[in-house]
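Trainee: Could you take me closely through one part of this model, the packing of a pair of helices, and set it in the context of the chain around it?

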Amino acid sequence: MSAENITVNVHHVTRVEGHGNIAVNIKNGKVEKCEWQVPEAPRFFEAMVRGRHYTEVARITSRICGICSVGHTLASVKATEDALGIQVTPQTRKLRRLLKHAENFDSHVLHVLFLVAPDLLGAPSVFPLVPTHTEVVKTALRLKRFGHEWGSLLAGRTTHPTRAVPGGFSELPTTAELKTLRKRFDTEVVPDVTPILDLVLKLAPAFPKFDRPTEFMALHSDEEYGLYDGDIQTVTPDGKKQLTKVRDYRKVTNEYVIPRSTAKYTKNRMESYMAGALARFNNNFDQLHPEARKVAGLLGMKPLCSNPYLNSAAQVVETVHSLYEGLGILDELIKEGIKEEPLVKPTRHGEGAGAVEVPRGILFHSYVYDKDCMCQGGNCIIPTNQNHANIQLDFEKLVPELLDARKNEKEMELALEMLVRAYDPCISCSTHYLNVEFIR
Amino acid sequence: MGDDGIGLRIVEHIDGHGLAHGFEVKDLGSDAMKLLSYFDPGTERILVVDCVKMGLPPGEYRLFGPREVATRKIVPGLSTHEGDLLKVIELASSVGYVVPDIAILGIEPASMDPVMELSETLKARFGEYVDAVLSEMRD
């Protein structure tokens, strides 16, 4: 054990310009403090939906997050539909699956190329990469733009979607619009993704090496790689899988409060579990599109992978998956033609739950409705909250390893920041105002 | 939260009352990169309406261009949910995007409390902000 004194204090002001603090104190080579501190973001939304008609609830809960708006909308409408006995049509399911892929693609492109890639290239942000990797940055911006436009075609807009409602879609894309989108996949997206993949493969050796046996939770469907629908599945390091119905989500999330943190933790069969792309990869690898499995192979990834840094690599695999699965769904919809359908109405009332995979992991919504279809209460468990305990335990294993490897303060700080970044956390309540000073 | 939502309120008001003549209103939420979708030859001008901390008295507003300011916002870079509009514009320009004429109508917040309502200060001047946007977009 070394005799070093090290302090890592990465401080971000909550609900202002960041979220979460990293606090590590090492004295005379002994770890005295090692904490991922995340003040709980207030979830007034669960109170706001009370007394609201079922047609209003998703419009409120989509505002939990401006980035994961599509996911919150879909989890919300599914929970409402479950509570009110609404069975949507196959066309609606297909459009929602396509929308889910759009969100995944859009978000993963942003995360991998603008946040993670600078780390792997040794740059503090994407800006220094402009002169050295100009074409890559341009391509990344084009792909980001495409992801947003793909999602907007289906959802009306990707921030606080307007078209995905309980019972179906309030407005449908036309077959002609889908054909235009389909053409853009061939002429823009596939040509752009190829050089990006080449870059990621070159950078893959730079992903930090770390391993901690972990339980992984994700949606599992017999029909496809779980993103839109399925049951809750977890897999533990021994490979044993556990399947649970979404309505019983509380039995596997088990939220609890711990004295040192205002953020709730969750646990299931182990002390913590991980949600996100790596969790989906580990639970549903065999259902990935063949092109995505190919990329996984080139990255040297296979289940069970328990290096949380590789959550970003799993996102790259999923970007390819969503690209090709999206193409397949588009082709089906174009062949069938879009048909006008009325919204399906409620047939009962009561309690219901819905889950989808947002880019950051499995998301749960549940509501109770009375006989007038007015919401009496709701509950939401977002993936980032589910990951807090896992991040904490990762820190507790990683810090001593970094100490033994004689990393200095700056190297330790970077390693811990990269770990948090790899989880792609969701800052649901950060304010996003501008903060400027005028140049005189 | 609180006055952070002023831009959204103005956009919703203009859209809801059918006041957008000759221009479109869009809600970009917190993902400033969505602005990229409007950087094309068909876009003449973009007016961004948002809560901005400028060091002015609460409720005051000011129209400015991106080049007139330097951002003080610290983006820790931990999450996709952080963002800085000015940085997005800078990044797009640096790789050769043709950036349309952009102006920002910044409104100094009075309160950023986690509530769903605007502060009384901004509520009292809401009509002025809407008029300022309409005036700017009709010019």
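Mentor: What follows looks at one helix pair in chain A, and then at some backbone features of that chain.

This is a predicted model, in which local features need pLDDT (the predictor's confidence in each residue, from 0 to 100) of at least 70, side-chain atom pairs count only at pLDDT 80 or more, and totals for chains, interfaces and linings use all residues. Residues are numbered from 1 along each chain as its sequence is written, while chains are lettered from A and ligands numbered from 1 in the order in which they are written.

Chain A holds 13 helices and 15 strands, which are DSSP runs numbered from the N terminus (helices are H or I, at least four residues; strands are E, at least two). The radius of gyration of chain A, taken over C-alpha atoms, is 22 Å, close to the 22 Å of the globule rule (2.2 Å times the number of residues to the power 0.38), so chain A is as compact as a globular protein of its 440 residues.

The pair itself is helix α3 (residues 69-84) of chain A and helix α4 (residues 90-120) of chain A, which pack at an angle of about 150° with their axes 9 Å apart; axes are lines fitted to C-alpha atoms, for helices over the stretch in contact, and angles run from 0 to 180 degrees between N-to-C directions. That angle makes α3(A) roughly antiparallel to α4(A), a term for angles over 145 degrees (under 35 is roughly parallel, 65 to 115 roughly perpendicular, and the rest oblique). At this packing, A:Val70, A:Gly71 and A:Leu74 of α3(A) meet A:Arg96, A:Leu99, A:Lys100 and A:Glu103 of α4(A), where contact requires C-beta atoms, placed from the backbone, to lie within 7 Å.

Elsewhere in chain A, two residues have a positive phi although neither is a glycine: A:Asn28, at about 50°, and A:His160, at about 55°. A:Asn28 lies in the loop between β2 (21-27) and β3 (30-37) of chain A and is exposed, with 10 other C-beta atoms within 10 Å, whereas A:His160 lies in the loop between α6 (134-155) and β4 (164-165) of chain A and counts as buried, with 21 C-beta neighbours inside 10 Å. Buried here requires 20 or more other C-beta atoms within 10 Å of the residue's own, exposed 12 or fewer, and partly exposed in between, with C-beta atoms placed from the backbone. The peptide bond from A:Pro303 to A:Leu304 is cis, with omega near -5°.

Notes. Contact = placed C-beta atoms within 7 Å.
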